[in-house]
Amino acid sequence: MSGVTVASACVDIFNQIKMKKDLRYVTFKIEDGKEIVVDCSGPPDENWDDFVAKLPEEEPRYALVDVPFENKQGVQTSKLTFVAWSPDDKTTVKQRMVYASSKKAIKDKFVGVMKEVQANDMSDLAWDDILKKMQD
């Protein structure tokens, strides 16, 4: 544990994306090394590529994404997915360590998340790979 806390607004927006499904994604950041806060969000008409475009190239983030896809039976569905974004080549060791050690704190607040993606560069977020992960 890093001692980083999770702002109550993070839990509120988790419940919003999970129950109301009125957001496609929400990103979270660690502010001042002390608290995980809401960073930004996107409306439901945005897609995976819109979400990826919002991730900073030089800073880690956590995210929740309601990922819509067609399952193997041909039925349109979605899965709420936790994304841990930590670009290896553009962040400091300290940044990566704080985010890695704080991940459990935020994940424990998000009961009902169906999938998890760890991404360390943009290639880890390629839609074809994400789609395969959703269909497993």
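1. In which helix do Asp-108 and Lys-104 both lie, and how many residues apart are they? In this predicted model, the two residues belong to helix α3 (residues 93-109), where they are 4 residues apart, about one turn of the helix. Their side chains meet in a salt bridge with an N to O distance of 2.7 Å. Asp-108 has a relative accessible area of 49% and is therefore partly exposed, since the exposed class begins over 50%, whereas Lys-104, at 52% relative accessibility, counts as exposed.

2. The salt bridge within α3 belongs to a wider set, for a search of the whole structure finds 8 salt bridges. One of the others is formed by Asp-66 with Lys-21, and here the closest N and O atoms are 3.5 Å apart. Because Asp-66 lies in strand β4 (residues 61-70) and Lys-21 in the loop between α1 (8-20) and β2 (25-31), the pair ties together parts that are 45 residues apart in sequence. The two partners can also be described by their accessibility: Asp-66 counts as buried at 5% relative accessibility, while Lys-21 is partly exposed, with a relative accessible area of 44%.

3. A reviewer may wish to look at the backbone of Lys-21 as well as its side chain. The phi of Lys-21 is near 55 degrees, a positive value in a residue other than glycine. Most residues other than glycine have a negative phi. Lys-21 takes this value in the loop between α1 and β2.

4. Another salt bridge joins the side chains of Asp-39 and Lys-29, with an N to O distance of 4.0 Å. This pair links distant parts of the chain, with Asp-39 in strand β3 (residues 35-42) and Lys-29 in strand β2, 10 residues apart. Asp-39 counts as partly exposed at 27% relative accessibility, and Lys-29 is also partly exposed, with a relative accessible area of 24%. Both residues take part in a network of salt bridges that links Lys-29, Asp-39, Glu-59 and Arg-61.

5. How are the strands ordered in the sheet? There are 6 strands in an open sheet, arranged as β1-β3-β2-β4-β5-β6, and the pairing is mixed. The edge strands are β1 (5-6) and β6 (115-119), each of which pairs on one side only. At the β6 edge, β5 and β6 run parallel and are joined by 5 bridges, with Phe-82 standing opposite Glu-116 in β6.

6. Strand β2 deserves a separate description, as it pairs with β3 and with β4. With β3 it runs antiparallel and is joined by 7 bridges, and Glu-31 stands opposite Glu-35 in β3. The pairing of β2 with β4 is likewise in the antiparallel sense and extends over 4 bridges, with Val-65 in β4 as the bridge partner of Tyr-25. Strand β2 is mostly covered, in that 5 of its 7 residues are buried.

7. The hairpin of β2 and β3 has 3 residues between the strands, and within this hairpin Asp-32 takes a positive phi near 55 degrees. Asp-32 lies in the loop between β2 and β3, and it is a residue other than glycine with a positive phi value. Is Asp-32 buried or exposed? With a relative accessible area of 66%, Asp-32 is exposed, because that value is over 50%.

8. The charge on the surface also merits comment. Asp-88, Asp-89, Asp-121, Asp-124, Asp-128 and Asp-129 gather there in a patch of negative charge. Among them, Asp-89 lies in the loop between β5 (76-85) and α3, and this residue is exposed, with a relative accessible area of 65%.

9. A final point concerns the spacing of two residues along the chain and in space. Asn-15 and Ser-101 are 86 residues apart in sequence, and their C-alpha to C-alpha distance is 23 Å. Asn-15 has its place in helix α1 and counts as partly exposed at 37% relative accessibility.

Notes. Residues numbered from 1 in each chain as written. Predicted model: local features only at pLDDT ≥ 70, side-chain atom pairs only at ≥ 80, totals over all residues. Heavy atoms only, no water. Buried < 20%, exposed > 50% of the residue type's maximum accessible area, 1.4 Å probe, protein only. Patch = residues over 30% accessible without salt bridge, like charges linked within 9 Å, V, L, I, M, F, W, Y side chains within 5 Å. Areas by Shrake-Rupley, 256 points an atom, 1.4 Å probe, with all protein chains shown as cover. Lys, Arg positive; Asp, Glu negative; His and termini not counted. Charge placed at Lys NZ, Arg CZ, Asp CG, Glu CD. Pairing = 2+ DSSP bridges.
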